[in-house]
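Grab a pencil and work through a few short exercises. Try each task on your own before you read the solution.

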Amino acid sequence: MAEDFDVRLAEKNYVPDPSYQQNSWLGDYQKAYAEFQKDPDAFWDRIAKELHWFRPYSRVKEWNYPYAKWFLDGKTNITYNCLDRHVINSRRNKVALIWRGEDDCERIYTYRQLFREVMRVANGLKKLGVTKGDRVCIYMPMVPEQIISMLACARIGAVHSVVFGGFGAAALNSRIAGAAAKVVITADVTFRRGKSIPLKHIIEEAIINAPSVEHVVVLRREQTQPVEIHKEMEIDFYDMIKDVKAECEPEVMDAEDPLFILYTSGSTGAPKGIVHTCGGYMVGTYYTAKNVFDIKENDVYWCTADPGWITGHSYVVYGPLSLGATIVLTESTPDFPDPGVYWRMVEEFGVTILYTAPTAIRMFMKLGEEWPGKYNLSTLRILGSVGEPLNPEAFEWYYRVIGKSKCPILDTWWQTETGMHMITTMLGEPMYPGFAGKGIPGVVADVVDKDGKSVPPGTGGFLAIREPWPSMLRTVYNDDERYRKYWNTIPGCYAVGDLAVKNKAGYIMVLGRSDDLIVVAGHNIGTAEVESALVSHKAVAEAAVIGKPDDVKGNIIKAFVILRVGHTPSDKLKNELLYHVRITLGPIAMPSEIDFVATLPKTRSGKIMRRVLKAKEMGMDPGDVSTLDE
Ligand code: WT7
């Protein structure tokens, strides 16, 4: 790829107040980076030592390309660092979690209360026969019990696999079956925009072809009409913990034992179960929560992500709790009952650090400045963004309207696979709108050609990571071949699958995916999954989907469908197909547009050329079409 990009934008930058860096945990970025480069193992050793280990590790890392082990022979439990440590020390009565429901009801947990609830649920799971290494699927709305269930699994060494509550039955089934989950924890309903959306029937359908499931734990939220519990297999969440003790010793985990599996869309075939471990993931999320977000004792930290995604795992739950932070969680959508809910919460809770997604920022931009203008946002000191490129317009709006031109903006680039932040502009460094930044201390990030050679500023290339890092994925569950692919696509590098370009200051701008993934409103959707959902409908012979740029969502999904003989295009059929995708994969994977077509562009080997469809859709030159079968 030798395209030239316009990097004039890079000349525009914002220089933040130097006190941000002076007062930060990390201090000077350049200095910290140089220290890391001088001796990477010593750098990570210093950080890991800030955490509690039941038995110290004997070595920081073992790198056997492409396999890494971190903190070898170390024994720990991430919940000890997230809970016991704070309860034993000075944070016993500090607020750990503030939760706000849609109807403004609130629940607040101190560290002691959260600790006790986690131990009760841990004991409840033990009672159901869950032991170290068993997989537990968590399919829940954004309620405290979702976080408590994750921590309860970690407490006893069970491997959680959280599935985002917006997924449909087929998506859920493939994730439960893929991980062979023994127990599923779910809820009767999720509340959204004033309505209750039933979840339990989705579970019932999803476990039909999942023989590994022995129990379904149901959190019953609907008071007036409680759902029925089918005793053969189901148990009420609070019945499970009615008579159990609120003490449960942490399971002693090896640093390399799996902590969780989290499924992410792949460019082909089934979703990939990304495997993270107890030691390295703990160190990576602790380090970044502390040094990227600079969370301090009195901060009120709010990451708006659903714990069902990696952002929620790392930066709602494990990172901030390992630091003893006060976190905010809400089930409410950003525009209900009005587009002021988020800003009202910032004012009411005195939020100091806010971490959200470009798609939300762009939605707020459209709704107008009067909404944030109604509330006092002066407590905010740091703003974060994640999930997709933060375009310069959105950056400037976020900076000016929300941050009042004083808060640094952290555009954090990372992935489910990386576990922790990898690229951003550290506090106090000059910010270039549109550019995420550079590798954080501990990370060697670069823009390279297909041979792994650095490309000069202004030339597009592949984003790649050159050295292993503690919270890197260790494998793809039951599919190590796919793990190796990350490391054998570009020689010597971890290939992330994104295209990027650097400016003269070495800052990296992420341009988008290079493979068949579509990032819709910050959610990674695999073209393969949507296509196979469409093809599973009786009227569809073939389908291809592409991402189409959208002002608010970043991308929308557009589908091209070839019908089977005997079926004719109609609006009714279109709606039927949309409904079909909604039921199988969930609303997030629904196409916004469907075109019925007679043929699809294919290579001679029969692969659909989505690139050609996309170019045509956008009125662009399709580039090299030498492999196209005319
Ligand atoms: C992909 C990873 C990491 C949490 C959310 C998504 C895109 C993520 C940024 C950013 C530009 C970004 C990339 C990446 N992405 N953050 N700051 N700027 N693009 O996790 O579902 O694993 O998706 O999201 O394409 O590869 P994920």
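Below are four exercises, each with its solution.

A word on the ground rules: this is a predicted model, where local features need pLDDT of at least 70, side-chain atom pairs count only at pLDDT 80 or more, and totals for chains, interfaces and linings use all residues. Residues are numbered from 1 along each chain as its sequence is written, and side-chain values use heavy atoms, with hydrogens and water left out.

**Exercise 1. Work out whether the chain is as compact as a globular protein of its length.**

Step 1: Take stock of the secondary structure: the chain has 19 helices and 32 strands. These are DSSP runs, numbered from the N terminus: H or I of at least four residues for helices, E of at least two for strands.

Step 2: Apply the globule rule, 2.2 Å times the number of residues to the power 0.38, with the radius of gyration taken over C-alpha atoms. For 630 residues the rule gives 25 Å, and the chain comes in close to that at 24 Å, so it is as compact as a globular protein of that length.

Step 3: Look at the extents too: the C-alpha trace spans about 70 × 60 × 55 Å along its principal axes.

**Exercise 2. Check the span of helix α6 against what its residue count predicts.**

Step 1: The expected span is 1.5 Å times one less than the number of residues.

Step 2: Helix α6 (residues 144–156) has 13 residues and should therefore span 18 Å; its end C-alpha atoms sit 19 Å apart, which agrees.

Step 3: Now its surroundings: 13 of the 13 residues of α6 are buried, where buried means under 20% relative accessible area, exposed over 50% and partly exposed in between (1.4 Å probe, protein chains only).

Step 4: Move just past the helix, and Gly-157 has a positive phi of about 80 degrees.

**Exercise 3. Place Thr-288 and list what it touches.**

Step 1: Thr-288 belongs to helix α10 (residues 278–291).

Step 2: Its relative accessibility is 0%, so Thr-288 counts as buried.

Step 3: Contact means heavy atoms within 4.5 Å. Skipping neighbours within four places in sequence, Thr-288 contacts Phe-293, Tyr-315, Met-420, His-421 and Ile-440.

Step 4: Pro-320 is 32 residues away along the chain, with 9.3 Å between its C-alpha atom and that of Thr-288.

**Exercise 4. Is Ser-471 buried or exposed?**

Step 1: Find Ser-471 in the loop between β24 (461–465) and β25 (475–476).

Step 2: Ser-471 has 1% relative accessibility, so it counts as buried.

Step 3: Beyond four places in sequence, the residues touching Ser-471 include His-276, Tyr-281, Glu-417 and Met-420.
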